[in-house]
Amino acid sequence: MQSPPEIPAWLTDSFLQEIVRRAKNDPFATLCHRCKVRPGVQRGQNYSSVLYRTTVHYRGSGLRAREQAIDLMLKSESREVLLQDQTMFHTEMRMYGEVLPAMERALEGAGEAISVPRLIYSAEKPLRMIVMEDLSPAGWAIADQVDTYEEAVPAIRALAKFHAASFVLNQGNTDLSIIKNNFVDFAGQFMQLYCNFADVVCTWEGFSHIGSKLQALKSTFLDKLKRVYVPNRGACNPYNVLNHGDFHAGNLLHKTKNGKITETAMIDFQLCHWGSPAIDLLYVLYLVVSRDVMNAHRDRLVREYHQCFVEYLSGLGHQGWVPSLKDLHSELQKKAFLELFIEAILQQFRTVNVNQVALEEFVAGRVPGAGINNERYRERMSSSVQTPSWFTTEFVQSIIRNHESDPSITITQPCILEPGTKAGDSFSGALYRTKVHYRSERHPNQELSTSWMLKSESSDALNTAPTLFNTEHRMYTEVLPAMQRELEGIGEALSVPGLIYSSESPRLIVMEDLSFSGWTRMDEICRFEDALPAIRTISKFHAASFALNKKGMTLSNFTNRTSDSLLSMFRPMFSSYIDAVCSWDDFKDIRPRIQEFKASFADQYKQVYTPNPGPEGYNVLNHGDFHGKNLLHLLDDQRRVVKTAALDFQVCSWGSPAIDLIYFLYLVIHRDVLDNHRDQLLEEYHRHFVDCLTRLNFQGWIPTREDLQAELNRNVFFELFNDAVGAPFRTVDFGAVSLEDFLAGRVPNVGLSNAGYRRNVRANLTRLVARGF
């Protein structure tokens with residue numbers, strides 16, 4: 001066990017009394033008690049300076065002056081720290097003495113404030129030191145990691161505010177571009193840690209293929225890392241901000257209310273530097289929020305940051321160029337190598353017990369495995385870097401060469417697969433994301449990049465039927481291209497990811513990642529106007545299929561093959577829903593009907609997916625899984641949805657348009673939008689459906705609005721099913737609850753225990769009764 005750092009001889013009561021006199025501008029202030037100075041952090045956490053804390057009790061010089069107290073943090077240079085560099089301390093002194101006050105003045109004029117400790121005193125001689133207020137006694141505290149999206153928002157907003165203020169100041173009279181990065185000067189100290197990491201990964205079962213990629217990076221690792229920290233240059237709008245530079249959980253303080261984070265403050269400004277905003281953002285994603293939050297909400301957090309950044313620029317009166325969300329995604333793409341550095345090196349620091357391992361020994365790589373072989377670290381890395389055996393550099397290079405028709409393309413950085421969904425969301429396949437960095441003889445002076453989504457079969461998925469992959473493969477290679485050709489002729493387009501590659505062995509589909517171009521998910525659509533692009537997307541999809549089928553393309557063999565085993569998993573949830581409704585006296589008149597649905601559940605469900613035989617009813621090609629997680633939206637500068645794209649075409653089926661429409665009504669839009677605008681949305685769907693068919697010069701029978709309503713009336717069971725089974729999915733954390741257990745009824749139906757959900761069920765049943773149910 002290492003002893004705590006010693007209190008230096010100069011840190012005396014008389015010194016602290018002088019600090020208080022200067023801070024309070026009172027040369028006669030006197031201490032009331034001896035000051036107890038204590039270490040600010042544990043030994044081993046002093047990477048670049050030494051931190052102390054104390055509470056000073058004093059009395060002013062007035063005749064009636066009362067005893068007062070001030071909590072202080074004192075930071076000074078030390079020979080015992082890992083990173084010894086005078087410029088780092090000078091950077092922090094400049095931040096506290098010049099830059100942060102300038103930011104505060106600018107933000108104050110916009111009605112905003114930046115949460116940082118207040119500077120009390122600083123000195124260059126005889127010892128470099130900074131004295132700040134200590135926020136911790138006022139309720140601010142460090143959190144090891146942030147475990148929910150909502151609690152991550154205060155940190156994202158704090159960072160966006162800091163970046164926006166720097167962006168505006170730099171375009172005024174404050175040159176922040178001269179604040180250089182100091183961290184890369186010490187990066188060589190971590191080289192052995194990286195080598196140990198690459199060597200150990202090669203020994204993990206199932207990781208040899210990625211281990212070889214990591215080994216190949218050893219010779220260029222430092223050069224690539226240094227390029228990350230080079231500011232963007234160019235005559236036209238280079239995108240740079242002042243980065244905090246060390247934006248990890250240990251450098252953030254949070255205020256909470258009812259146990260939830262409501263406000264975040266930044267500390268430790270020694271590594272501030274001018275450069276790409278992607279640097280701080282990647283620190284947030286990897287070193288502030290939990291892995292589950294990053295996997296589930298990465299795009300949402302990036303979007304929140306950009307929205308706040310733009311809002312703060314506007315509030316600060318910025319009149320010039322404003323980086324777009326696409327510009328931000330481009331920065332994240334260009335700085336992707338930093339993600340590997342964080343995962344390989346910085347994550348290890350979170351698992352090392354510095355009371356048992358000397359920090360210098362660990363960083364120098366003389367304690368191999370101190371971080372790497374930690375069970376927590378290995379579990380995190382396994383979820384991060386475990387990849388199928390077929391995913392190799394050669395495989396990726398062959399795909400992009402073929403797609404770009406360019407045999408000169410060479411991959412320049414290892415391609416790392418990241419989970420495309422959070423735990424529990426892989427219902428029918430494994431989804432990954434990867435960034436591909438490459439060079440081409442066509443662009444000899446430029447490194448290019450692109451972002452892909454990869455979908456493959458998975459033994460861990462809930463539904464592993466090969467027909468699902470066959471359906472999506474046919475959709476991407478045959479049906480969607482035919483739809484696009486039809487719609488192009490009338491000036492329309494179907495927003496779907498572009499196909500990059502597909503194969504039967506391995507069963508794989510590679511698509512463009514639309515999030516790189518600014519497309520983003522929404523948990524649900526909360527405004528009627530924002531729902532219109534989605535309803536037009538499905539209307540357009542249906543119309544194109546209706547026309548293609550008339551022209552002779554056989555679409556009727558797209559059939560739903562829901563297995564009996566899957567239906568048996570849905571049944572307990574549906575049954576508990578029916579039992580709950582039957583216990584409500586205000587719906588006793590419909591008890592017999594809904595009990596019939598419960599008794600004939602499987603037959604009713606299969607009937608929904610049985611195509612209309614005609615002449616009664618009509619059919620279209622349904623997306624079949626048209627819920628919020630399978631939609632991406634493109635937003636304008638006012639955060640309004642202007643386009644909606646559909647993803648995931650594994651369960652497309654020929655049948656009643658009511659299938660997709662009921663999915664949309666219950667699983668895409670907010671219940672308030674459904675309650676207030678159901679008829680308007682259906683009218684818009686039908687209007688756009690007819691308009692597309694008319695412009696496609698469709699010559700046959702076109703369904704009327706009454707025909708559409710008849711489809712919805714015939715499929716009222718499916719409305720109850722989505723209310724009973726689909727809607728509760730929105731309230732379950734499948735990282736904590738097994739999907740199989742949830743569907744099988746082995747865990748409580750969280751929907752029925754939720755008052756808001758029960759209100760929605762009552763409103764829906766009331767609406768169905770009014771329609772004659």
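In this predicted model, helices H20 and H24 cross with a left-handed sense. H20 covers residues 671-695 and H24 covers residues 755-770, and their axes come within 11 Å of each other, crossing at roughly 20°. Angles under 35 degrees count as roughly parallel, so that puts H20 roughly parallel to H24.

As for who touches whom, the H20 side of this pairing brings in Arg-671, Leu-674, Asp-675 and Arg-678. Across from them, H24 supplies Asn-760, Val-761, Ala-763, Asn-764 and Arg-767. Sorted by character, the residues in the contact of H20 with H24 come out as 3 nonpolar, 2 polar and 4 charged.

H20 also packs against helix H21, which takes up residues 705-714. Here the axes sit 10 Å apart and the angle is about 125°, which makes H20 oblique to H21. The handedness of this crossing is right-handed, whereas the one between H20 and H24 is left-handed.

On H20, the residues making the contact with H21 are Arg-678, Asp-679, Leu-682, Glu-683, Tyr-685 and His-686. H21 answers with Arg-705, Leu-708, Gln-709 and Leu-712. This contact of H20 with H21 splits into 4 nonpolar, 2 polar and 4 charged residues. One residue to look out for on H20 is Arg-678: it turns up in the contact with H24 and again in the contact with H21.

Conventions
Residues numbered from 1 in each chain as written. Predicted model: local features only at pLDDT ≥ 70, side-chain atom pairs only at ≥ 80, totals over all residues. Heavy atoms only, no water. Axes fitted to C-alpha atoms, helices over the stretch in contact; angles between N-to-C directions. Helix = DSSP H or I, 4+ residues; strand = E, 2+ residues; numbered from the N terminus. Parallel < 35°, antiparallel > 145°, perpendicular 65-115°, else oblique. Left-handed = near helix turned anticlockwise from the far one by under 90°. Contact = heavy atoms within 4.5 Å. Nonpolar A, V, L, I, M, F, W, Y, C, P; charged D, E, K, R; others polar.
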